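The following note sets out some points on the structure for a colleague at the bench. Please read them beside the sequence and the model.

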Amino acid sequence: MLSLLWRAWWWRRGLPGGGHDPAAAGRESRARGGGGGGMEQERALEVYDIIRTIRDPEKPNTLEELDVVTESCVEVQEICEDEFLVVIRFTPTVPHCSLATLIGLCLRIKLQRCLPFKHKLEIYIAEGMHSTEEDINKQINDKERVAAAMENPNLREIVEQCVLEPE
């Protein structure tokens, strides 16, 4: 149902449709100095901690649990003093994932709301990981398309459910 709704919406616009956490322990180790990179690495870990809890639109799992996002998919570069370029390269669960655009939208919305530092955001599907990655990359990095998608009450509700922090 969700995938049909999403594809129909994009088509109309002329577009293709509490236990032990080993990952957290690894992040803490690197943040204490086990990997170099200073401020940019700290920012990358901060970004990852924000996006890892986003829920998949069709499954009860988080993007982290499904390996859609990993620490290595986040890159942060300082553009100028106190402003950073954040690049996310996520991996859909299958090369023909019908919800890849929706996942990208969730990543963008959550980061726009939660990042505590000035940033420019670029979100891409990891190269070679989706059959229509070029088209999807254009959609999720186009501010007008993102704004139009968030005006749709059905899509907005789905995004809100996906980005809601777990209790």
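1. A term is needed before the strands are discussed: two strands are taken to pair if DSSP finds at least two bridges between them. The model under review is a predicted one.

2. Strand 1 (residues 74–80) and strand 2 (residues 83–90) run antiparallel and are joined by 6 bridges. Within this pairing, E75 of strand 1 stands opposite V87 in strand 2. As a general matter, side chains in a regular strand alternate between the two faces of the sheet.

3. The connection between these strands deserves attention. Strand 1 and strand 2 form a hairpin, with 2 residues between them. D82 belongs to this turn and has a positive phi of about 65 degrees, although D82 is a residue other than glycine. D82 also counts as exposed, at 53% relative accessibility.

4. A second residue should be checked in the same manner. D67 is not a glycine, yet its phi is positive, at about 60 degrees. D67 is found in the loop between helix 3 (38–51) and strand 1. Its relative accessible area is 52%, and D67 is therefore exposed, the cut-off for that term being over 50%.

5. Which residues of helix 7 are buried? In this helix, which spans residues 153–163, they are L155, I158, V159, C162 and V163. Viewed down the axis of helix 7, the buried residues fall within an arc of 125 degrees, so they line one face of the helix. The general background is that an α-helix has 3.6 residues a turn, so residues three or four places apart point the same way.

6. The face of helix 7 turned away from the buried side carries P153 and Q161, which are exposed. At the N-terminal end of helix 7, N152 acts as a cap: a side-chain oxygen of N152 lies 2.8 Å from the backbone nitrogen of N154.

7. Where helix 4 (residues 100–114) meets helix 7, the two axes come within 10 Å and cross at roughly 65 degrees. Helix 4 is therefore roughly perpendicular to helix 7, a description that applies to angles of 65 to 115 degrees. The crossing of helix 4 past helix 7 is right-handed.

8. For a revised description, I would ask that two items be stated together: the one-sided placement of the buried residues of helix 7, and the right-handed crossing with helix 4. The positive phi values of D67 and D82 should likewise be listed.

Key:
Residues numbered from 1 in each chain as written. Predicted model: local features only at pLDDT ≥ 70, side-chain atom pairs only at ≥ 80, totals over all residues. Heavy atoms only, no water. Buried < 20%, exposed > 50% of the residue type's maximum accessible area, 1.4 Å probe, protein only. Helix = DSSP H or I, 4+ residues; strand = E, 2+ residues; numbered from the N terminus. Arc of directions from axis to C-beta. Polar contact = N/O pair within 3.5 Å; in protein donor to acceptor, adjacent residues only side chain to side chain. Axes fitted to C-alpha atoms, helices over the stretch in contact; angles between N-to-C directions. Parallel < 35°, antiparallel > 145°, perpendicular 65-115°, else oblique. Left-handed = near helix turned anticlockwise from the far one by under 90°.
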